[in-house]
Amino acid sequence: MIKWAPFATMPEQYENVDRLKVEQAYVPKPNLTDELQQELELKLRELISKNVILRYWHDGYEYQVECIIESMDDWSGVVTVRKEDSFMFVQFEHIYSVDEYDYMSDLDYLYS
């Protein structure tokens with residue numbers, strides 16, 4: 001006896017749905033003006049050793065990470081950040097937003 005399996009006869013449908021999911025999640029690289037890049041660089045330098053929320057683009061996807069900025073290398077254009085016990089290296093040209101994040105103020109708000 002052959003059991004009925006829905007959509008098992010249409011593997012192309014699964015492939016097309018997966019392809020559509022990938023295409024819908026794709027985001028073009030943000031274009032920042034020179035002035036915005038300079039402001040972002042100054043802000044990154046001010047926030048070294050502070051807890052931040054860093055938003056960056058990489059290979060068609062946007063990422064957001066809560067981390068501590070460790071350093072900026074002018075020569076290579078790499079920003080080194082630390083998240084918990086691991087280090088990440090993000091190209092400066094891919095970063096489009098950085099905001100200081102004070103999780104202690106969130107805790108104060110919760111317990112007040």
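Tyr63 has a relative accessible area of 36% and is therefore partly exposed. Tyr56, at 12% relative accessibility, counts as buried. Both values come from a predicted model.

The two tyrosines face each other across a strand pair: the bridge partner of Tyr56 in β2 is Tyr63. The structure holds 1 aromatic pair. In this pair the ring centres of Tyr56 and Tyr63 lie 5.4 Å apart and the planes meet at 25°, so the pair is stacked; the cut-off for stacking is under 30 degrees.

The strands concerned are joined as follows.

| Strand pair | Sense | Bridges | Residues between strands | Residue with positive phi |
|---|---|---|---|---|
| β1 and β2 | antiparallel | 8 bridges | 2 residues | Asp59, near 50° |
| β2 and β3 | antiparallel | 5 bridges | 4 residues | Gly77, about 75° |

In the second hairpin, Gly77 lies in the turn, and Met72 has Val79 of β3 as its bridge partner.

Val79 also belongs to the largest nonpolar core, which has 16 residues; Leu44, Leu54, Ile69, Val79, Ile95 and Val98 are the members that touch the most others. At least two residues of this core come from each of α2 (34–46), β1 (51–58), β2 (61–73), β3 (78–83) and β5 (95–100). The greatest contribution is that of β2, with 4 residues. In soluble globular proteins, nonpolar side chains tend to be buried together.

Val98 illustrates the contacts made by a core member: leaving aside residues up to four places away in sequence, Val98 touches Leu40, Lys43, Leu44, Leu47, Val52, Ile53, Leu54 and Ile69.

Key
Residues are numbered from 1 along each chain as its sequence is written. This is a predicted model: local features need pLDDT of at least 70, side-chain atom pairs count only at pLDDT 80 or more; totals for chains, interfaces and linings use all residues. Side-chain values use heavy atoms; hydrogens and water are left out. Rings of Phe, Tyr and Trp (its six-membered ring) pair if their centres lie within 6.5 Å; planes under 30 degrees apart count as stacked, over 60 as edge-to-face and the rest as tilted. Buried means under 20% relative accessible area, exposed over 50%, partly exposed in between (1.4 Å probe, protein chains only). A nonpolar core is a set of buried Ala, Val, Leu, Ile, Met, Phe, Trp, Tyr and Cys residues joined through side-chain atoms within 4.5 Å. Contact means heavy atoms within 4.5 Å. Two strands pair if DSSP finds at least two bridges between them.
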